[in-house]
Amino acid sequence: MLPWNPWLGLQMQFDRLKRREIIAFVGGAAAMWPLAARAQQASSPVVALLSSGRLPDSLIGIFRQGLAEQGYVEGRNVVIDYRHGDNQYERLAGLAAEFARRQVAVIAALNSPPALAARAATTTIPIVFMIPDDPVKLGLVVSLSRPGGNATGVSFLLGDLGPKQLGLLRELVPHAKRIGLMVNPHNANVEASKTEVVMAASAIGVDLKVVEASDSREIEMAFAALVDNRVDALVVGPDSMFFNRRVQITTLAARYVLPAIYNAYDYAEAGGLMSYGTSLPEAFRQAGVYAGRIIKGEKPADLPVVQSAKFVFAINLPTARALGLTVPDTLLARADEVIE
């Protein structure tokens, strides 16, 4: 039997104490990790997204991609707070005011009504807009090259594309003598959009029938009015409410055997006959890039408004066949996307 060593007992106690301290430290550190992550997230800049209606997750993802290009990744070093007005424009003022009270880092306003609501809510918090209108005419910026205030962003003039859309529709449906134009009367750019198409229709000898709709029920009524007025084809004006109800609209166009052209590829993808408009993914990416640059310290007043120059013309061939239409080879050759 070994002789008793008092120093050995002390050493064993000391070792046990060290093990307990190590376990306590590791356990405490593990418990602190989620707290640290939450603290980091709480201290991260907040990018507020504001839109008229719910946007597809794919487009929000492309906005995130633009932010990531500037080094900002959601959940790591930036927080994204997305709100929408459920296509009820009167809600936007309250949502914008809430973002202003919270002093978010940037408000990304993804359409004209949200941009105007954000501009009314704050003159200090940076605003990045993405709008289908002229931001100078809307009073969002002083000029395209030197915005001069707290707002800048991306402008794609969908309202100016009405005459082009009318021409493409007439090329596919040459017998069309009466063409409908559906607009949302609450859209900030409705009068300018109507004027452009009315003038273009008059120039080519087409009788234009304008119908208005601001919700699902009125969309149904608008189509009934178009049928009653024996229109031969339809131009659907640019509007976020229409975009969010694109399945309803393209379904009604098919039901009433009404050839129609739209302003975004998503309509053609949903079964619409044709679409011609700006590339929304590129516009969303650029808006994300600008939000990231502003978080880094650049000022909206010094960032020129980006004028989107990438347009996409799409044709849905199964829909054309269902409508009894033969798409000319000359039109197919000009299409960027042909849905088979």
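# Briefing: two loops and the strands around them

S52 sits in the loop that connects strand 1 (46-51) to helix 2 (57-69). The model is predicted. An open sheet of six strands, in the order 2-1-3-4-5-11, has parallel pairing. The points below cover this sheet, the loop residues S52 and F156, and the pairing of strand 12.

**The six-stranded sheet**

- Strand 2 (79-84) and strand 11 (306-307) are the edge strands of the 2-1-3-4-5-11 sheet, and each of them pairs on one side only.
- Helix 2 packs on this sheet and touches strand 1, strand 2 and strand 3. The direction of helix 2 makes about 150 degrees with that of strand 1.
- Strand 3 (residues 106-109) and strand 4 (residues 127-131) run parallel and are joined by three bridges. Within this pair, I107 stands opposite I127 of strand 4.
- Helix 4 (residues 112-121) lies across strand 1, strand 3 and strand 4. Relative to strand 4, helix 4 runs at about 155 degrees.
- Strands of a sheet pair through backbone hydrogen bonds, in either a parallel or an antiparallel way.

**The loop after strand 1**

- S52 has a relative accessible area of 1%, so this residue counts as buried, the cut-off being under 20%.
- Not counting residues up to four places away in sequence, S52 touches H84, G85, D86, N87, Q88, Y89, L92, N111, P113, P114 and S240.

**The loop after strand 5**

- F156 belongs to the loop between strand 5 (151-155) and helix 5 (162-172).
- F156 is buried because its relative accessible area is 4%, which is under 20%.
- With neighbours within four places in sequence left aside, F156 is in contact with M130, I131, P132, D133, T278, L280, A283 and S308.
- F156 and S279 are 123 residues apart in sequence, yet their C-alpha atoms are 9.0 Å apart in space.

**Strand 12 and its partners**

- Strand 12 (residues 311-316) is mostly covered, with five of its six residues buried.
- Strand 10 (residues 274-278) and strand 12 run antiparallel, and five bridges join them. In this pairing M274 stands opposite I315 of strand 12.
- Strand 12 and strand 13 (residues 337-339) run parallel, joined by three bridges. Here N316 stands opposite I339 of strand 13.
- In a regular strand, side chains alternate between the two faces of the sheet.

How values were computed
Residues numbered from 1 in each chain as written. Predicted model: local features only at pLDDT ≥ 70, side-chain atom pairs only at ≥ 80, totals over all residues. Heavy atoms only, no water. Helix = DSSP H or I, 4+ residues; strand = E, 2+ residues; numbered from the N terminus. Buried < 20%, exposed > 50% of the residue type's maximum accessible area, 1.4 Å probe, protein only. Contact = heavy atoms within 4.5 Å. Pairing = 2+ DSSP bridges. Axes fitted to C-alpha atoms, helices over the stretch in contact; angles between N-to-C directions.
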